[in-house]
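Morning, everyone. Let's get the structure up on the screen. I'll keep this brief.

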Amino acid sequence: MKVYVNGKFYDKKDAKISVFDHGLLYGDGVFEGIRSYSRLVFKLKEHIERLYESAHSIMLDIPMAKEKLIQAVLSTLKENKLNDAYIRLIVTRGEGDLGLDPRKCSGKATIIIITDRIALYPEKFYKEGLVIITVPTIRNIPEALNPQIKSLNYLNNILAKIEAINGGSDEAIMLDHLGYVAECTGDNIFIVKRDHLYTPPQCMGTLRGITRDSVLDIARNNKIPVHEHVLTRHELYISDECFLTGTAAEIIPVVKVDGRKIGNGKPGKLTLSLMKKFRELTKKEGVKY
Ligand SMILES: Cc1ncc(COP(=O)(O)O)c(C=O)c1O
């Protein structure tokens, strides 16, 4: 496996960065998780756009034009001869000293592209649905660290994941500081109630997920009413259907939340139909390599 680091390809064992890199020392950097299907990179432009937005927000200058970075992603995929891949694109502040001051890293941003075979979630989750719980760790407050910034600092999500695992669940629902539903540790959340689709708006500390946007588009194109709406835990409990969305998970049904059965306890009809439509989209849309 070849890894791209600052314009060159290295074998996995030789792909290294400095221990003084602020991405390592402080989680000072941004990233994207992208996916390709049969040599088509799904929503590549949208991921690149979000990466540059995250970087702009933290005043991290990506020393490469967007089009060149797109080409670098595509050549990494070709180099590794991968048809279906998970792509991790990382830009760190680069090498500095042991202090926080980002000026010490000036002009040294590190660009890393790792491509690998996609580690699929067990098929059982898609057929039977996930059992998830809400956890005590709340999602970052936007005024402290805005969840729209897809930064290398994922400790907030990791703490929630640990609480989910300790509670015997594979995924956690994170609330915002007021107790409303925000999102999961690496996925967005949707519910269905009386054939309407609901998902929390961005201002609730919810990442504007690219899969979330695709689902909203599919729904609108199919005349399914959609609402970006504040959700309480109660609304999750009494929903007819619930599902999560994310690049790695795609669309995954949820059948139990905090011990409450969702709908009839099986993946819902609308969820299954959206899963099918989303998979069809990934087969035909994307940047070819
Ligand atoms: C916290 C969080 N929420 C939601 C998502 C889903 O976003 P996307 O659909 O763009 O992968 C991710 C994945 O990147 C995430 O890390």
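I'll take two backbone positions, then two pockets.

Bear in mind that this is a predicted model.

Backbone first. Asn-6 has a positive phi, about 45°, and it is not a glycine. Look in the loop between strand E1 (2–5) and strand E2 (8–11). Is Asn-6 buried, partly exposed or exposed? Its relative accessibility is 44%, so Asn-6 counts as partly exposed.

Next, Ser-38. Again a non-glycine with a positive phi of about 45°. Ser-38 sits in the loop between strand E3 (29–37) and strand E4 (40–41). Here the relative accessibility is 52%, so Ser-38 counts as exposed. The cut-off for exposed is over 50%.

Now the pockets. The largest has a volume of about 600 Å³. It is lined by 32 residues, and those closest to its centre are Tyr-86, Lys-150, Gly-186, Asp-187 and Ala-248. Several elements give two or more residues to this lining, among them E3, helix H2 (44–57), strand E5 (85–92) and helix H6 (210–221). By class, the lining of the largest pocket has 12 nonpolar, 11 polar and 9 charged residues.

On to the second largest pocket, at about 350 Å³. Which residues are closest to its centre? Glu-46, Arg-50, Glu-53, Arg-208 and Asp-213, out of 17 that line it. H2 and H6 each supply at least two lining residues here. H2 has the largest share, with 6 residues. The lining of this second pocket splits into 3 nonpolar, 6 polar and 8 charged.

Note that H2 and H6 also give two or more residues each to the lining of the largest pocket.

That's it from me.

Methods:
Residues numbered from 1 in each chain as written. Predicted model: local features only at pLDDT ≥ 70, side-chain atom pairs only at ≥ 80, totals over all residues. Heavy atoms only, no water. Helix = DSSP H or I, 4+ residues; strand = E, 2+ residues; numbered from the N terminus. Buried < 20%, exposed > 50% of the residue type's maximum accessible area, 1.4 Å probe, protein only. 1 Å grid on protein atoms, 1.4 Å probe; cavity = no way out; pocket = protein on both sides within 12 Å on 5 of 7 lines; lining within 4 Å. Points joined across faces, edges and corners; volume = space filled by probe spheres on them. Nonpolar A, V, L, I, M, F, W, Y, C, P; charged D, E, K, R; others polar.
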